[in-house]
Amino acid sequence: MEYIYDLLNALPFEWLEYDFMKNAFLAILLITPLFGLLSTMVVSNRMAFFSDSLGHGAFTGLAIGAVVGLFSPMLSLLVFSVIFALLITWIKNKSSASTDTIIGVFSSTGIAVGLMMMSYGGGFNKFSNYLIGDILSITTQELGYLVLVLVLVFIAWGLMFNKLLVLSVNQSFARSRGINVILVEAVFAAMVAVVVAISIQWVGLLIINSLLVLPGAAARNVSNSVKQYHVMSVGSAMLSGISGLVLAYHFNMAAGATIVVISALIFFITMALKPYFLR
Amino acid sequence: MLKRLFRHSKGEGNDCSRLCCTKIENFTVKAGKLTIFENVNIHVHCGQLTAVIGPNGAGKSTLLKAILGEVSHTGTLKYTDAKGKRTGKPIIGYVPQYLNFDVSAPITVLDLFSACQSWRPIWLLPSNLRSEVENSLRRVKAAELIDRRLGALSGGELQRVLLALALNPMPDILLLDEPVSGVDQNGLEIFYNILEDLQNNEDMAIILISHDLNMVARHADQVVLMNKGVVCNGTPEAVFSDHRTRKIFGMLTDGGTHRGGTGFVWVEHRKKPHGQSCGCPECVSKEVE
């Protein structure tokens, strides 16, 4: 860790002086590629609403962890988010009701149960951090978790991406190609759930979904092939992440929100440039 | 007159000893309390083109989906290869009626092929299948489409790309669900030529759903008429001269036979008044009586 700090000190940036900024910078370098990758398929599979509901579900997870107090809040958050994601996927495939209805039901239940439990005894304020998120509060130990998650997602993406891509084209087509649709969908949902659960305290519930949607949506405007799509998505996520952090530091604003605003700007720019890129 | 039109049937009868053979036995599909179709029994052989015809809602597409295993059904699918050795699950190729996908998706034809055929993560590594994909596209006369975005393909081009995908790996059974609905004359021609080629050169059974009865008469070896179950099946001649076919499809007064047609046209009920060759089942049955 000291070595990395020294490396960052060597960079000619004034804002990297403080250790918390170094940590935040490293966290951005780890989180944004993660969101960039997942974002491609969240957008392609039309799961924008789904990933939004995961944040809401995470709220219940946090509340259970904090109120029941049997496990650490982090563990409870992770386990509950994954269960929540799998449950939605399962019911979505089982039921004939439309997907957005089912997700809407889960989403509102998730946040309502979470708020109910957290506000028990009037102690909601200590949780408000999760709503907005604070990337500057990240510790070195938590950076370690992020590295682990990044490596795991990278491996999973290597192994299952092709199937996921075929699935994103058309579900019954994927099934006819011998792809276990429910399994692939469930693994992807669980992956998104883990990433959301891990990063919600630094990014915040209110804006976490924008990071899962905007990079992919922007990349889609200007790419013709899967590879371009990934490069653009990860690139725009990292660009908005780093520039958002720097701007937030200089103007003393919430980092997460600044990052999202820049992502949105990139999206609108790519939308205007669309005719020049698409073949 | 009709005879000249119909091709000679290959692998006629139930003899499964020499040709590969697929038996669809007692297929029944129910959605809740509604029966989509029941007790469907069909034998298909390699090198044969079996056409499934029938009115809308007859359960044709559902039958293909049941064969694919996408729709839960009762009944069994038995497959035996030419030597009678490999039994069990056949390789099935499927070309959907219409592939509903997001036209803005940044996926090229090569991407789709690579993703379908290998584990190599296509977002990370360059495709090692390029020449192979080019070959399969050449078979459907679409080699120049390899770097095209899926959303930028025309209807006919997309169907040919999907056919090339369905032929890779070479299937034992090829299922085509109205593969050329909405494709222009030129595209139709190309598509049927490719099918003819497959029928003659590859060891596979083709099951085709079509509303184009003239094309069916010209290309099919076996015709299955479905309406919530198999109404009748056999050679095109047998099925098209069956009175039940007349009942379902209606008959144009002129017949159209001496113009090279089958004598049947798809007459929509509402377009013509009752009793005047409207083609509705009740009127036709009265006429027959």
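## Sheet, domains and chain contact in a predicted two-chain model

Strands S5(B) and S6(B) run parallel and are joined by four bridges. The model that contains them is predicted, and the account below starts from this strand pair before turning to the domains of chain B, the contact between the chains, and chain A.

**The sheet of chain B**

Within the pairing of S5(B) and S6(B), B:Ile92 has B:Ile173 of S6(B) as its bridge partner. Strand S6 (residues 173-177) of chain B also pairs with strand S7 (residues 205-209) of chain B, again in the parallel sense, over five bridges. Two of the residue pairs that link S6(B) to S7(B) can be named: B:Leu175 is partnered by B:Ile207, and B:Leu176 is partnered by B:Leu208.

These strands belong to an open sheet of six strands with mixed pairing, whose order in chain B is S5-S6-S7-S3-S8-S9. Strand S5 (92-95) and strand S9 (230-234) of chain B each have a single partner strand and stand at the edges, so one side of each lacks a neighbour in the sheet. From one strand to the next, the twist averages 15 degrees.

Two helices of chain B that pack on the sheet are compared in the table.

| Helix of chain B | Strands of chain B touched | Angle between directions |
|---|---|---|
| H2 (residues 60-68) | S3 (49-53), S5, S6, S7 and S8 (222-226) | about 150 degrees with S6(B) |
| H5 (residues 155-166) | S5 and S6 | about 170 degrees with S5(B) |

Both H2 of chain B and H5 of chain B touch S6(B). How many residues of S6(B) are buried? Five of the five are, so S6(B) is largely enclosed by the rest of the structure. The burial extends to both faces of the strand: B:Ile173, B:Leu175 and B:Asp177 are buried on one side, and B:Leu174 and B:Leu176 on the other. B:Ile173, the partner of B:Ile92, and B:Leu175, the partner of B:Ile207, thus share one covered face of S6(B) with B:Asp177.

**Domains of chain B**

Chain B is divided into domain 1 (15-91 + 170-233), domain 2 (102-169) and domain 3 (250-289). A distance of 25 Å separates the C-alpha centres of domain 1 and domain 2 of chain B. Their contact draws 13 residues from domain 1 of chain B and ten residues from domain 2 of chain B. On the side of domain 1 of chain B, helix H6 (residues 185-201) of chain B gives the most, with four residues. That side of domain 1 of chain B comprises ten nonpolar, two polar and one charged residues.

**Contact between the chains**

Between the chains, 24 residues of chain B are in contact with 24 residues of chain A. Helix H3 (residues 109-117) of chain B supplies the largest share of the chain B side, namely four residues. By class, the side of chain B that touches chain A holds 17 nonpolar, four polar and three charged residues.

**Chain A**

Chain A has twelve helices and zero strands. Its radius of gyration is 19 Å, close to the 19 Å that the globule rule gives for 279 residues, so chain A is as compact as a globular protein of that length. The C-alpha trace of chain A spans about 55 × 55 × 30 Å along its principal axes. Of the 279 residues of chain A, 48% count as buried. Among the contacts in chain A with a separation of 6 or more, 73% are between residues 24 or more positions apart.

How values were computed:
Residues are numbered from 1 along each chain as its sequence is written. Chains are lettered from A and ligands numbered from 1 in the order in which they are written. This is a predicted model: local features need pLDDT of at least 70, side-chain atom pairs count only at pLDDT 80 or more; totals for chains, interfaces and linings use all residues. Two residues are in contact if their C-beta atoms, placed from the backbone, lie within 7 Å. Ala, Val, Leu, Ile, Met, Phe, Trp, Tyr, Cys and Pro count as nonpolar, Asp, Glu, Lys and Arg as charged, and the others, Gly among them, as polar. The radius of gyration is taken over C-alpha atoms; the globule rule is 2.2 Å times the number of residues to the power 0.38. A residue is buried if 20 or more other C-beta atoms lie within 10 Å of its own, exposed if 12 or fewer, and partly exposed in between; C-beta atoms are placed from the backbone. Domain bounds come from an automatic or database domain assignment. Two strands pair if DSSP finds at least two bridges between them. Axes are lines fitted to C-alpha atoms, for helices over the stretch in contact, and angles run from 0 to 180 degrees between N-to-C directions.
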